[in-house]
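Student: I would like a close look at one part of this structure, with the aromatic side chains as a guide. Could you walk me through it step by step?

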Amino acid sequence: MANLPMFLTLISLLPFLCYSFSPENPTDRRILVVLDDIGLKSSHSIFFKSLQTRGSELDFKLADDPKISLQRYGQYLYDGLILFSPTTERFGGSLDLGAILDFVDSGHDLIITTDASASGLIRSIATECGVDFDEDPSAMVIDHTSYAVSDTEGDHTLIASDDFIQSDVILGSTTIEGCVKQAPVLYKGIGHSLNSANSLVLKVLSASPSAYSADPNSKLSSPPLLTGLAISLVSVVQARNNARIMISGSLEMFSNRLFQSSAQKAGSSNRYEKSGNEQFVTELSKWIFHERGHLKAANVRHHKVGETDEPAMYRINDDLEYSVEIHEWSGKSWEPYVSNDVQIQFYMMSPYVLKTLSSDQKGKYFTSFKVPDVYGVFQFKVEYQRLGYTSLSLLKQIPVRPFKHNEYERFIKTAFPYYGASFSAMAGFFIFTIVYLIADGFHSRHQRPVIRKLAGAKFDRIVSITIFIFNALVMILHCHHSLLALAAKSFNEEVGSFKIPRSHHTIYCAAEYHVGIGKIMKLSF
Amino acid sequence: MVGKMEAVNGVKSGSNSTASTFQSAFFKPDLSLKSLKLKTKQQELLIRVSILTLVYILAFITRLFSVLRYESMIHEFDPYFNYRTTVFLTEKGFYEFWNWFDSESWYPLGRIIGGTLYPGLMVTAALIYSIIRFLRFAVHIREVCVLTAPFFASNTTIVAYFFGKELWDSGAGLVAAALIAICPGYISRSVAGSYDNEGVAIFALLLTFYLFVKAVNTGSLAWALASAFGYFYMVSAWGGYVFIINLIPLYAMVLLITGRYSMRLYVAYNCMYILGMLLAMQIRFVGFQHVQSGEHMAAMGVFFLMQVFYFLDWVKHLLSDTKLFQAFLRITVTCAVGVGAIALGVGTASGYISPWTGRFYSLLDPTYAKDHIPIIASVSEHQPTAWSSFMFDFHILLFLFPAGLYFCFKRLSDATIFIVMYGLTSMYFAGVMVRLILVATPAMCLISAIAVSATIKNLTQLVRTKSKVAHTGSTKGTTSGKASSKASLDQSLPFQRNGAIALLIGAFYLLCKYATHCTWVTSEAYSSPSIVLAARGAYGNRVIFDDYREAYFWLRQNTPPDAKVMSWWDYGYQITAMGNRTVIVDNNTWNNTHIATVGRAMSSYEDEAYEIMRSLDVDYVLVVFGGVTGYSSDDINKFLWMVRIGGGVFPVIKEPDYLVNGEYRVDKGAAPKMLNCLMYKLSYYRFGELQTEYGKPPGYDRARGVEIGNKDIKLEYLEEAFTTSNWIVRIYKVKPPNNRW
């Protein structure tokens, strides 16, 4: 009954909620926080508060709440999910392993935290994300050399680690500006290893080489399975759809207590008034919830040099221009992303063109190149993947066609002997015909019977002569064709691309048109 | 023009001494000779025209079974491409068609369609379409395409008539027209809906041959010119023109050798060759092959030989001294042959003349394709012909053919030599490849027509002369025709008349049988569109499987417009034409490597295949599966060819991996690689749960009659997207790479 008003407000808010967050304007997130103990809400309040002050709207639910659900009517109600429920074996409502993975696979972010009492469910979620928690249920990360110095000399399960990933994008750049050195992060919990088959998971906070994972309350009977640098304390995954996942084996790391406690690493004289936890967790959560390192591409354009419209198809050897704008989300607005390593490929099974795009330092990247002398279905391909940034994959399919029949050069220098041959043959034909028809005495006596034999009718005689001439013509043309092929070969070496066939067609046509037979062929051009 | 020449010719042959049917009817005793002559001629003309008209109509309507039984649709595989291009041509015009670069097939290579097809068929159909539209008949282009082949088959009967008349007499022409109108060998490629190149090409082939024979007979340039244009049309329509450009020089060569060289031949051959060649060069796909390809060199060689002959003739005319001429002859011939051989050698060595292609070799040597070009051998219509299919397609023509040859040899002329050569060579090719039965069909019909016509004429003459003998003994002396002289010789034989009548009845019976056989074959075997399958149900009712169209329609409606579909090449044309989606390979098998890549993907394990499919941007995979319906020409039965073609380019694919003791099987005893390759998985996915036949275990493959060996198939990288109602076509979606891995 108590839920009814909340349900109603949710329903009434739904239209707003649906439009509050979008990839174009990634603010005002709604985040579902699943707790297995309501006390966590107060014991971890600093973390939650920092999220809230950054504009996120948190919705706290107990893990066994029967109303718990990620989506309603096919729409996701949340943009992020925080699992602070290490012991939960079964969630209430419709939340389960599959639902959580679907949530991630549809582009939403996830934070999983657990502790020594990690349940099978949490472990299997983590396994699906590419990390394996230590299978021993009582094991914790123990480090006898870089433990956190505290008032009570414990069993060295509270460790201080400052082995961070070297990425300003993920952890923010304040570490450099702020103090000389980042305070170590206090960590108490279980360790995990990365699945080597997963290429996307990254170690953000690593244990020291001397750490190992074992039950602190019993004697080591066998060598621990997880040791040293293989132990990851905090890992992140950026999925292919840019959903981000954070996995940590220590719920305490987020707690107010460790946020506020001082930190000193054993063996180190530096004592920090405040541990690095708050900064680390806050910065990492910024990254997880896409407040940093989020790129988008806009205004992808390509066109021929000198034109502005995007063609549906290019021709081989066209000169084209390509441009794209890349923006980065600063947490409040889209800022131009400046870099000098964005590359474009003109790709058909392998890149035919690979160029680094030049930048105008205002987020616009552009280049121009010549379409290769190969026809086919190409792709403009910008694959931009940098550590910490969302991956940009811009694919644009574009066919490249060969020359049309009327796009070749009509006259080429190398073919001049060829033109000469055909025109002289044509001239010869006319002269011969006229002489044959008019000058009767032209023929010597012995030739006449032969020709007379050919055919009786006058029409036939004319055509028969045509055939003689064609014979001669074809022989001449063949000679020249081979000459031309040789010429073309040398020409080819100089210029590169050169096409013979078309000119031949025109020549044959011209010759035939002259004698009045090739009208049909003429039509085909 | 043609009609006029015919008329002139008819008078000539009539005035000649050859005995024709009406000549004997001529001398009926009790009527005035003069008035009867006109009347019988008119009657005869009337009968001839009406027979031809009937044959013309018959040829058309006998091909309509498929339309009546199914619907007005395009059949099979290649016709879908032709249909698609025709639609393009009518919509976008000739220039766009000529320059058409198709990015929807052979992804990502694309295909220059304008330069790699024979445009004759499409242009013809588009022309017919525009004429019909001009006459204000609102027809759909599909109807025109469907009926193009029957229309041209009808036209072929007319050509066959004139050809028969040119070869023998008008009686033989009529018989030839009737025989070819219903001959199953021809009908198989020209039923309504079979919108393929062969539909018009056989018409063009026969027309070219007819015009050439006419040119050789008359020595007229006009006929030779016409034959060159016929050749042009043939070149524009079908790659089988190579047969013409080799048969005609062969024929000329035979005439030269047998001493039948004449000025008529010289004129006909030279004109036909040179003009035909120049015209053929205008077809983009053929281009310069006439001067550059080894397959066309025979024609050129004979052309030069002809010039040498002509030259020698001239020299012989000049020189009166025979001895001197003999010496000259020897030198010239040696020189000519030597120069020709050197030219050919240099041309071949320098690469100017391309060597014979594999297709040509496989025609000459039936075993060549099997060893060297699996892609040719894999096509069912390229298999060597079985005797049964000769019988099926030719029926009595098979027995009449030798008889016709006998008659041809008995009355040897330039024309009969031609038809004999045409008949013999095409019969050889028909034996090499099933589909070439089509080329042999006109020759079979013509030669058989000669046999039928000559036999029946002789028999009727026997029957008639018996009654005539008493009255007009004197007329017999004037008829010097062989038939009548033979008749007078045979007069002494007893029961001659009765025997003749019995034989006539026998011939009539055979021809009737032929007609019924042809009709039966047409209706039962050759009228199936193969895109819609029909089977007999349990109660003898007709069951229609329309799965192909269901699948293509699904593709068209449910996939993104730029989706790429991978399938074996057989279905490429149909997917682009009906599904309107991009395909990786199609029936235009121009790039063997690309096909081999697809073959490799199909025969690899799923993870390897996934890599290949990703590299080709494949979105959907389509397989054809006949295990549920018992449809035997499915992908599993074609699979070994995929392995062979894939293995031909990628040696990692080895045929023995898919066989067990050289045996191809899909049941429990199958090779492990077979049971886990992509094609097997896609074909039999979820099939293990299905009970296909009563009394058989689930997963019983009805096409192969075995229980499948791998019933528990899991797909990792693909997911089932669509399976048609009878499971004939199965479409799978290629999953994107794992989101979190």
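Tutor: Happy to; we will look at domain 2 of chain B, its sheet and the aromatic pairs. Please keep in mind that this is a predicted model.

Let's place the region. The domain assignment splits out two parts of chain B: domain 1 covers 198-355, and domain 2 covers 544-734. Their C-alpha centres are 48 Å apart.

Now the sheet. Five strands of chain B make an open sheet with mixed pairing, and their order is β6-β5-β7-β11-β10. The edges are β6 (582-583) and β10 (718-723) of chain B; each has a single partner strand, so one side of each has no neighbour in the sheet. The partner strand β5 (residues 564-566) of chain B runs parallel to β6(B), and 2 bridges join them. Within this pairing, Val565(B) is found opposite Val583(B).

A database record overlaps with this stretch. An unreviewed UniProt entry annotates residues 564-622 of chain B as "domain: STT3/PglB/AglB core". In the model, that span is 51% helix and 14% strand, and its end C-alpha atoms lie 11 Å apart.

Next come the rings. Over all chains, the structure holds 76 aromatic pairs. In one of them, the ring centres of Tyr269(B) and Tyr273(B) are 6.0 Å apart and the planes meet at 5 degrees, so this pair is stacked. Both tyrosines belong to helix α14 (residues 263-280) of chain B, where a spacing of 4 residues is about one turn of the helix. Tyr269(B) is buried, at 1% relative accessible area, and Tyr273(B) is buried too, at 3% relative accessibility.

Compare that with Trp554(B) and Tyr620(B): their ring centres are 6.2 Å apart with planes at 80 degrees, so the pair is edge-to-face. This contact links distant parts of the chain, since Trp554(B) sits in helix α28 (residues 547-558) of chain B and Tyr620(B) in strand β7 (residues 620-624) of chain B, 66 residues apart. The strand β7 is one of those in the sheet described above. Trp554(B) counts as buried at 16% relative accessibility, and so does Tyr620(B) at 5%.

One more ring contact in chain B involves a charge: the charged end of Arg600(B) sits over the ring of Phe650(B), 4.8 Å from the ring centre. Chain A offers a similar arrangement to look at, with the charged end of Lys381(A) over the ring of Tyr347(A), 3.6 Å from its centre.

Key. Residues are numbered from 1 along each chain as its sequence is written. Chains are lettered from A and ligands numbered from 1 in the order in which they are written. This is a predicted model: local features need pLDDT of at least 70, side-chain atom pairs count only at pLDDT 80 or more; totals for chains, interfaces and linings use all residues. Side-chain values use heavy atoms; hydrogens and water are left out. Domain bounds come from an automatic or database domain assignment. Two strands pair if DSSP finds at least two bridges between them. UniProt positions are given in the numbering used here, feature names are shortened, and annotations may be inferred rather than shown by experiment. Rings of Phe, Tyr and Trp (its six-membered ring) pair if their centres lie within 6.5 Å; planes under 30 degrees apart count as stacked, over 60 as edge-to-face and the rest as tilted. Buried means under 20% relative accessible area, exposed over 50%, partly exposed in between (1.4 Å probe, protein chains only). A charge sits over a ring if NZ of Lys or CZ of Arg is within 6 Å of the ring centre and within 35 degrees of the ring normal.
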